[in-house]
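Good morning, and thank you for making time for this presentation. Please look at the sequence and the structure together as I speak.

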Amino acid sequence: MSRIGRKPVEIPNKVKIEVVDQLLKVTGPLGNLQENMPEGVTVNVSDKVANVGAPTKNRQNRGYQGLVRALLANMVVGVTKGYERKLEIHGVGYKAEAKGDGVLLSLGYSHQINFKLPKGVKAEIEKNTLVTIKGIDKQAVGQVAAQIRGFRGPEPYKGKGVRYLGEQIRRKVGKAGAK
């Protein structure tokens, strides 16, 4: 049996979990999330605890049990506290600014990149070089942060580009002088 799938998910006071057919709905103070569950996985809610079960004991159902349990736990945290990822921008002339429902990035290209944020994800920008991505869906927040980082990832020689806050970049030594 899945070790992660066996662990119960604690449900805070303001969170409500519903299971309709194979659709899992979680409602909390920050919003609503829903996810489709794979066939054969069940969620039982009782006394502020949710347990995920896999009826037949084959390998695939055990894996799905762990997956659904992890998704449920992430949804509960998302609707109560929310998620955030911080990105920092390094480089001369590299900057970001909030523009409507998106982010306008200047990353050393001949043009600016206008990145439209998906529904449910917000961006806050401090000092033009620190971008904070916030939302209740962990997957969406991580995906947006990865897409913004992908526009100009940190390069190993000078460290210019977009990186996660606190990320260590392995620096390389440049060319030795030619003789």
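I begin with a definition: helices (H or I, at least four residues) and strands (E, at least two) are runs assigned by DSSP, numbered from the N terminus. By that definition, Lys25 is found in strand β3, which covers residues 23-28.

Two remarks on the source are in order. Residues are numbered from 1 along each chain as its sequence is written, and the side-chain values use heavy atoms, with hydrogens and water left out. This is a predicted model, in which local features need pLDDT of at least 70 and side-chain atom pairs count only at pLDDT 80 or more, while totals for chains, interfaces and linings use all residues.

Let me turn to the chain as a whole. Its secondary structure comes to 3 helices and 13 strands. The C-alpha atoms fill a box of roughly 70 × 40 × 25 Å along the principal axes. The radius of gyration of the chain is 21 Å, whereas a compact globule of 179 residues would have a value near 16 Å. That radius is taken over C-alpha atoms, and the globule rule is 2.2 Å times the number of residues to the power 0.38.

How many of the residues count as buried? Of the 179 residues, 36% do. Here buried means under 20% relative accessible area, exposed means over 50%, and partly exposed lies in between, with a 1.4 Å probe and protein chains only. The chain exposes about 11,400 Å², and carbon and sulfur atoms supply 49% of that area. Accessible areas come from the Shrake-Rupley method with a 1.4 Å probe, and for residues only the protein chains shown count as cover.

A contact means heavy atoms within 4.5 Å. Among the contacts with a separation of 6 or more, residues 24 or more positions apart account for 51%.

As to charge, the chain has 32 positive and 15 negative charges, and their mean positions are 9 Å apart. Lys and Arg count as positive and Asp and Glu as negative, with His and the chain ends not counted. Each charge is placed at NZ of Lys, CZ of Arg, CG of Asp or CD of Glu.

I now return to Lys25. At 29% relative accessibility, Lys25 counts as partly exposed. Leaving aside neighbours within four places in sequence, Lys25 is in contact with Lys16, Ile17, Glu18, Leu33 and Gln34. Its C-alpha atom is separated by 9.2 Å from that of Leu72, 47 residues away along the chain.

Gln34, one of those partners, lies in strand β4, residues 31-36. Beyond four places in sequence, Gln34 touches Leu23, Leu24, Lys25 and Met75. The C-alpha atoms of Gln34 and Lys138 are separated by 12 Å, with their positions 104 residues apart along the chain.

Next, the loop between β5 (42-46) and β6 (49-53), where Asp47 has its place. Lys48 is in that loop between β5 and β6 as well. Most residues other than glycine have a negative phi. Phi of Asp47, however, is positive, near 50°, and phi of Lys48 is also positive, near 60°. Are these residues buried or exposed? Asp47 is exposed because its relative accessible area is 74%, and Lys48 is partly exposed at 42%.

Lys48 leads us to Val9, a residue of strand β1, residues 9-10. Val9 touches Lys48, Val49, Ala50, Arg69, Leu72, Ala73 and Val76, not counting residues up to four places away in sequence. Val9 is buried, with a relative accessible area of 5%.

Which element holds Val141? Val141 is found in helix α3, residues 138-151. With a relative accessible area of 1%, Val141 is buried. Outside four places in sequence, Val141 touches Tyr83, Glu84, Arg85, Ile133, Lys134 and Gly135. Val141 and Tyr83 are 58 residues apart in sequence and 7.0 Å apart in space, C-alpha to C-alpha.

Finally, Ser106 belongs to strand β9, residues 102-106. Ser106 is buried, because its relative accessible area is 12%. Apart from residues up to four places away, Ser106 touches Gly93, Tyr94, Lys95 and Gln112. With Gln112 there is a polar contact between the two side chains, at 3.0 Å. A polar contact is a pair of N or O atoms within 3.5 Å; within protein, one must be able to donate a hydrogen and the other to accept it, and residues adjacent in sequence count only if both atoms are side-chain atoms.
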